[in-house]
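Visitor: I should like to learn how to read the surroundings of a single residue in a model. Please guide me through one case.

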Amino acid sequence: MIQVTLHYWPLNFFERLRLLRQKGWQRSRPVMLRRELPRSWDELTPRQLRALAKANFLLQSRSARQLYLCHAFLQLPFWLFLRISRRDLLDIYRHLSDCMGENNLSRTLLHTVHCGSNTWYGPQDHGRNMRFLEFIKADTAYASFLANHDTVHLNTLVATLYRPACNAQPRTAPGYNGDTRVPLNEYHLSTRALLAAKVPLVDRYAILLQYAGLRQYLQLRYPQTFSGGKPSRFGWAGVIVSLAGEKFGDDDAVAGKNIHAILTHLEMSLELSRKDT
């Protein structure tokens, strides 16, 4: 976190008197306020992530985005926010623009979302409990949304990553696999995507930003695998077929493997093949 200093002039007599009694103000100088701002995406709070989602996708005017983000990140009463100097606000917005330039969010900030009266649970930080099929479906929905901005694909992304809790083994059980969500069933996905429309729109866009950061994290961790886009002309489905066999099992077993196990295997295979050539 980074600490910033803001300045404002007290306007009414009683406010000035209170500050003088607290010895927090000299008449010839403005009042100074200190606030902490994040240095990177991973230092964001859930509330700040939602603010970024609202500013990026739901506010059309650039000036409205600037004022909204400054107010959301500074957490000041609105009457006090209006007194902050324009120069300070511009500096705050420049800092936020610089720090939030490239989305490298690898943490899951929204652990749960509310779909009507139901609670859906998201993946763990760094996608530790994501399965390969879950990644394929999420990545396909993400790419489709970027291509045409249809909220149908946004809803599919939400329904893929966020699911109800299942009656699985407790975390202390020997067979616990790290995931408390119901397993992803691709044949139920279209129906659950219709239900995902009940999730608040700002939360859906926050999940989009969250997945974009996770994908960037995976690209940096497995550069060989993602360097050419999809691994083959058959896409991720071709990867499932190619990996099926004695090592990982049949197609369904490959689809259910942890995403990091699959990507690590692909990364190692690509590095070995390039050393041999």
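Guide: Let us begin with contacts, meaning heavy atoms within 4.5 Å. Leaving aside neighbours within four places in sequence, Arg204 is in contact with Leu154, Asn155, Val158, Ala196, Ala197 and Val199. This is a predicted model, in which local features need pLDDT of at least 70 and side-chain atom pairs count only at pLDDT 80 or more, while totals for chains, interfaces and linings use all residues. Residues are numbered from 1 along each chain as its sequence is written, and side-chain values use heavy atoms, with hydrogens and water left out.

Visitor: Which side chain makes a polar contact with the side chain of Arg204?

Guide: A polar contact is a pair of N or O atoms within 3.5 Å; within protein, one must be able to donate a hydrogen and the other to accept it, and residues adjacent in sequence count only if both atoms are side-chain atoms. Here the partner is the side chain of Asn155, at 2.8 Å.

Visitor: What is the nearest side chain of opposite charge to Arg204?

Guide: Lys and Arg count as positive, Asp and Glu as negative; His and the chain ends are not counted. A salt bridge requires a side-chain nitrogen of Lys or Arg within 4 Å of a carboxyl oxygen of Asp or Glu. Arg204 is buried (under 20% relative accessible area, 1.4 Å probe, protein chains only), yet has no salt bridge, as Asp203 is 8.4 Å away.

Visitor: Where does Arg204 lie in the secondary structure?

Guide: Helices are DSSP runs of H or I with at least four residues, numbered from the N terminus. Arg204 belongs to helix 9, residues 201-221. Helix 9 is mostly covered, with 15 of its 21 residues buried.

Technical notes:
Helices (H or I, at least four residues) and strands (E, at least two) are DSSP runs, numbered from the N terminus. Buried means under 20% relative accessible area, exposed over 50%, partly exposed in between (1.4 Å probe, protein chains only).
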